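The following exercises concern side-chain pairing and the surroundings of a ligand. Please work through each task before reading its solution.

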Amino acid sequence: MKFRRPKGTKDVLPKDIAKWHYVERIIRETTELFGFAEIRTPTFENTELFKRGVGTDTDIVGKEMYTFEDKGGDSLTLRPEGTAPVMRAYVENGMQSESPIHKLYYLTSMFRHEKPQAGRYREHTQFGAEIVGSDHYYCDVELILLAKEVYNRCGIQDFRLKLNSIGKAEERRNYVEILKSYLNSNIEHLSEESKRRLETNTLRVLDSKDMNDRKVTDLAPKILDHLGSESRTRFDNVVNELSRLGVKHEVDFRIVRGLDYYTDTTFEFLSDDLGSQDALGGGGRYDGLIEQLGGKPTPGVGFGSGVERLIIVAEKNGFAFGEQKAPLVYFIALSDEARKICYGIMRDLRKLDVSCETDLLGRSFKAQMREANKLNCRYVYIIGDDELQKKKGQLKSMATGDQVETEFGKIKENIE
Ligand code: HAM
C-alpha cells in the first residue's frame, strides 16, 4: 500500500527548508526586536476552550475543528488558532501577577478542516503576537508595525492594510439589530450562505465575497457610524497614528473577522499575490476574552499571520532567501585506515564549529570530488597511503585548485 500525506497538509523537503529557516529567523528576530517573548502552548486543548473563546457560531468552531475523544473520554481539539490557548495559559499560570503587561508571540501549527486550495491548508503554520494587559491604542499600532516590519524584511512591500472597528459588545449588539433589519429587507438578493449567516453570525454577511451580497452590503448601515465616543476616539487615534508613522492603510467596513472574541479595532493585511485566499494576516483587539475564560478583566490585542502565505508572496516577489550553508571541508579517504583518521579529524573540527562532510557510499575518488563540487564545499582534504605515512593530507581549495600539504591537526589554521 502506498501512503499519501493527509489532504491539506504538506511536506517541507530539505531542498526548501532553507526558506523556512530564513523566514522563521526573520520572524523571531524582528518580534524579539519589538520586545516580544515566545510562548508555547499544547498542540491540543480542551474543546470547550475554543467553544467558549472563539464562539460556537463561527466557522472555525462550527465546521473546522479537529475534535476527538481521548481514551479517558475527554473531548480535545487540535489548536485551530492561537489566541484562546495563549490567554488560557496567561490566566492559568497567573501571568498577570508577574507583570501588568505581556508581549507574547508564537510560531506553530494550527489545524482547521477547511477545503484545501492554494494557500489554504488543513495544517498551517501561524506566526502570532499578542499584547495583554493594556488597552492603549499604541498597542494596536505596535502590532501593526510589527507585522509590517516582518513582511518588509521578507521582501513584501505591496500588501494592503485594511482597518475597521467593530466597537464594544453593547455597541455591536445594537448595530447587529440595525444590520439585521436592513438585510432582512433585502433578503431576496442574498446568497444562501448569507441568509444562513444573517441568523447565526450577522456581521459575517459583510465579508461575503458573493457579488450580489456585496451590492446589498455596500448600502448597509455602517458600524463606524454606530460606535460610542470611546470606541470612535480609539479608532481615530489608531488611524491617525498609522498615518503619522507613514503606514498606508484603508478603512473598510467589511473587516469584521471570523472569530467572536474581537472588540473595537480589527485589521487585515491582504496581498494580491495570494489569489482568493488573500489574507496574509489579520487580528484585532479582544478586551472581553480573558474575562470570558475566567480571568480578571484584562484587555488584549494581537494578530496572526500564515507563514505558508508569507513564503508564497515573498517568492512571487523574487525574495532572495538565504541558502543552507555548504559544508566547509569534504574529506576524501582512500583506504579504510585513512577513513579512521578522517573521522578523528572531523570530530575535532566539528567541535571547533568547522562543518565537515565525507562519503558514506564507498564512491570512487572522482565521484567524491564531483560530490564535493555539487555540495559547494570550499575545501577538499584528501588522505591516501602517502599522506598516512607523512601524517599530512592534501588540502585543496575548490575555488583556486591550489593544493597544500597540511598536517592532520592544522587544517583549521589553513582554511579561511
Ligand atoms: P485568522 O484570521 O483566522 O486569525 O488567521 C490568521 C492568519 O492565519 C490568516 O490571515 C492566514 O494568513 C493564516 N491562515 C488561517 N487559516 C489558514 C489556512 N487554513 N491555511 C493557511 N493559512 C491560514 C486568527 O487565527 C487569530 N487568532 C489572529 C489573532 C491573534 N487575533 C488576535 N490575536
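**Exercise 1: A salt bridge and its exposure**

In this predicted model, the side chains of R40 and E38 form a salt bridge, with N and O 2.8 Å apart. Task: classify R40 and E38 as buried, partly exposed or exposed.

Solution.
1. The class "exposed" requires a relative accessible area over 50%, and "buried" one under 20%.
2. R40 has a relative accessible area of 67%, so R40 is exposed.
3. E38 has a relative accessible area of 30%, and therefore E38 is partly exposed.

**Exercise 2: Pairs that link separate parts of the chain**

Task: determine which parts are tied together by the pair K103 and E142, and which by the pair K209 and D278.

Solution.
1. A salt bridge joins the side chains of K103 and E142, at 2.5 Å from N to O.
2. K103 belongs to strand β5 (residues 102–111) and E142 to helix α6 (residues 137–153), so this pair ties together parts that are 39 residues apart in sequence.
3. K103 is partly exposed, at 23% relative accessibility, and E142 is partly exposed as well, with a relative accessible area of 24%.
4. In the salt bridge between K209 and D278, the closest N and O atoms are 3.8 Å apart.
5. K209 is in the loop between α8 (192–200) and α9 (211–218), while D278 is in the loop between β9 (263–270) and β10; the pair therefore ties together parts that are 69 residues apart in sequence.
6. K209 counts as exposed, at 56% relative accessibility.

**Exercise 3: The wider set of salt bridges**

Task: state how many salt bridges the structure holds and which residues are linked in a network.

Solution.
1. The structure holds 38 salt bridges.
2. The network of salt bridges links D59, K63, E193, R196, R197, R204 and D207.

**Exercise 4: The ligand and its shell**

Task: describe the polar contacts of the ligand with E114, Y261 and L280, then the make-up of the shell.

Solution.
1. E114 places a side-chain N or O atom 2.6 Å from a nitrogen atom of the ligand.
2. For Y261, a side-chain N or O atom is 2.9 Å from a nitrogen atom of the ligand.
3. L280 contributes a backbone N or O atom, 3.0 Å from an oxygen atom of the ligand.
4. Of the 650 Å² of accessible area that the ligand has on its own, the protein covers 95%.
5. Two or more residues of the shell come from each of β6 (123–132), β10 (279–285) and β11 (300–306); β10 provides the largest share, 6 residues.
6. The shell comprises 9 nonpolar, 11 polar and 7 charged residues.
7. Among the 27 residues around the ligand, those that come nearest are E81, E114, Y121, E130 and Y262.

Key:
Residues numbered from 1 in each chain as written. Predicted model: local features only at pLDDT ≥ 70, side-chain atom pairs only at ≥ 80, totals over all residues. Heavy atoms only, no water. Near = heavy atom within 4 Å. Polar contact = N/O pair within 3.5 Å; in protein donor to acceptor, adjacent residues only side chain to side chain. Areas by Shrake-Rupley, 256 points an atom, 1.4 Å probe, with all protein chains shown as cover. Helix = DSSP H or I, 4+ residues; strand = E, 2+ residues; numbered from the N terminus. Nonpolar A, V, L, I, M, F, W, Y, C, P; charged D, E, K, R; others polar. Salt bridge = Lys/Arg side-chain N within 4 Å of Asp/Glu carboxyl O. Buried < 20%, exposed > 50% of the residue type's maximum accessible area, 1.4 Å probe, protein only.
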